[in-house]
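Me: Could you pick one part of this model and take me through it closely, then set it beside the rest? I would like the reasoning spelled out wherever a residue is classed as buried or exposed.

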Amino acid sequence: MWLAILLSAAAMTAIVGVRYLIVSGAFAAATRARHPGLYRGLDTQMRREILWSIASAAIYGVPAGIVAWGWQNRGWTKVYTDVHAYPLWYLPVSALLFLFAHDTWFYWTHRWMHRPAPFKLAHAVHHASRPPTAWAAMAFHPIEAITGAVIIPLLVFLIPINVAALGLVLTIMTVMGVTNHMGWEIFPRFMWRGALGGWLITASHHQRHHEQYGCNYGLYFRVWDRLCGTDRGLGDFAKSHARAHAKAVARGGGRGNGLGDTGSGGTGHAA
């Protein structure tokens, strides 16, 4: 039994790591195609982001692998496969419940991470990405990775959810985690401007968090930020990347061409 659990944890770690490399790599490639030069001078930062993210993959994979083994072999969790086990209307509701619960957990643990002691000990690793790139989605200190790794495995014991709806939640979590750090908007304008944009978090909103730290703590929705007075609107991509490029030039790193792109680059907001 213990060997099977260990193998499940190892397999899930590999899945999380490969998923990160594929998704972040794809969006980094999209950035090079859409905004050549946007990550210019950030090669050292991106290598650091990848190393921290690979370490985080193990931390995310272990509890996920244990819970997956328990679900398949012991009937743990409230994950179900029969789509008719609950009314069909519950499928989207369960996904929304997961997203809102995850967003709530993220908001409050994220705010706690910005207290002086935990910030210095752990969260500063993530904020070393200034500005963040598509590789920064999982660039966490192990302490912060643990706070993020436990929530979905915990929720599957509390909220019934179909396996397909859970897959959708994990897909949204992965895509939003990466695109929120890309440094430009890949989504249509209506998703980050106007009425809908006032409640959803995309790269523009999270960019402000990396600029000013003490605001915009949410992951998917702006509900908690707006309720708690920590919403400070959208960030400025152009200024953030201009500052990063100026620093890279000052330290002689403006001509790196590894993971970044040395072409002339745009820093516009929208795709």
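Reply: A residue counts as buried when its relative accessible area is under 20%, as exposed when that value is over 50%, and as partly exposed in between. The model is a predicted one, and the part I have chosen is helix α9 with the loop that follows it.

Helix α9 spans residues 203–212, and nine of its ten residues are buried, so the helix is largely enclosed by the rest of the structure. The buried residues of α9 are Ala 203, Ser 204, His 205, His 206, Gln 207, Arg 208, His 209, His 210 and Glu 211. Two of these names return in a salt bridge, in which Glu 211 is paired with Arg 208 and the closest N and O atoms are 3.1 Å apart. Because Glu 211 and Arg 208 are three residues apart in α9, about one helical turn separates them. An α-helix has 3.6 residues a turn, so residues three or four places apart point the same way. Both partners, Glu 211 and Arg 208, are buried.

Just after α9 the backbone deserves attention, since Tyr 213 takes a positive phi of about 70°. Farther along, in the loop between α9 and α10 (223–227), comes Asn 216, which has a positive phi of about 50° although it is not a glycine. The relative accessible area of Asn 216 is 0%, which is under the 20% limit, and Asn 216 therefore counts as buried.

The structure holds two salt bridges. Besides the one within α9, the side chains of Arg 222 and Asp 231 meet in a salt bridge, with 2.7 Å from N to O. Arg 222 has a relative accessibility of 10% and so counts as buried.

Elsewhere in the model, the backbone has further points to check. Thr 77, in the loop between α2 and β1 (79–80), is a residue other than glycine with a positive phi, near 75°; its relative accessibility is 15%, so Thr 77 counts as buried. In the loop between α4 (116–127) and α5 lies Pro 131, which is joined to Arg 130 by a cis peptide bond with omega at about -5°.

As for helix packing, helix α2 (residues 43–74) meets helix α5 (residues 142–149) at an angle of about 40°, with their axes 9 Å apart, and α2 and α5 are therefore oblique to each other. The crossing in which α2 passes α5 is right-handed. Helix α3 (residues 90–113) and helix α7 (residues 163–179) have axes that come within 9 Å and cross at roughly 40°, which makes α3 oblique to α7; the crossing of α3 and α7 is right-handed.

For a contrast with the buried residues of α9, the surface carries a nonpolar patch formed by Val 62, Ile 66, Trp 76, Leu 154, Phe 157 and Leu 158, with about 510 Å² of accessible area together. One of its members, Leu 158, sits in the loop between α6 (151–155) and β2 (161–162), and with a relative accessible area of 55%, which is over the 50% limit, Leu 158 is therefore exposed.

Definitions and conventions. Residues numbered from 1 in each chain as written. Predicted model: local features only at pLDDT ≥ 70, side-chain atom pairs only at ≥ 80, totals over all residues. Heavy atoms only, no water. Patch = residues over 30% accessible without salt bridge, like charges linked within 9 Å, V, L, I, M, F, W, Y side chains within 5 Å. Areas by Shrake-Rupley, 256 points an atom, 1.4 Å probe, with all protein chains shown as cover. Salt bridge = Lys/Arg side-chain N within 4 Å of Asp/Glu carboxyl O. Helix = DSSP H or I, 4+ residues; strand = E, 2+ residues; numbered from the N terminus. Buried < 20%, exposed > 50% of the residue type's maximum accessible area, 1.4 Å probe, protein only. Axes fitted to C-alpha atoms, helices over the stretch in contact; angles between N-to-C directions. Parallel < 35°, antiparallel > 145°, perpendicular 65-115°, else oblique. Left-handed = near helix turned anticlockwise from the far one by under 90°.
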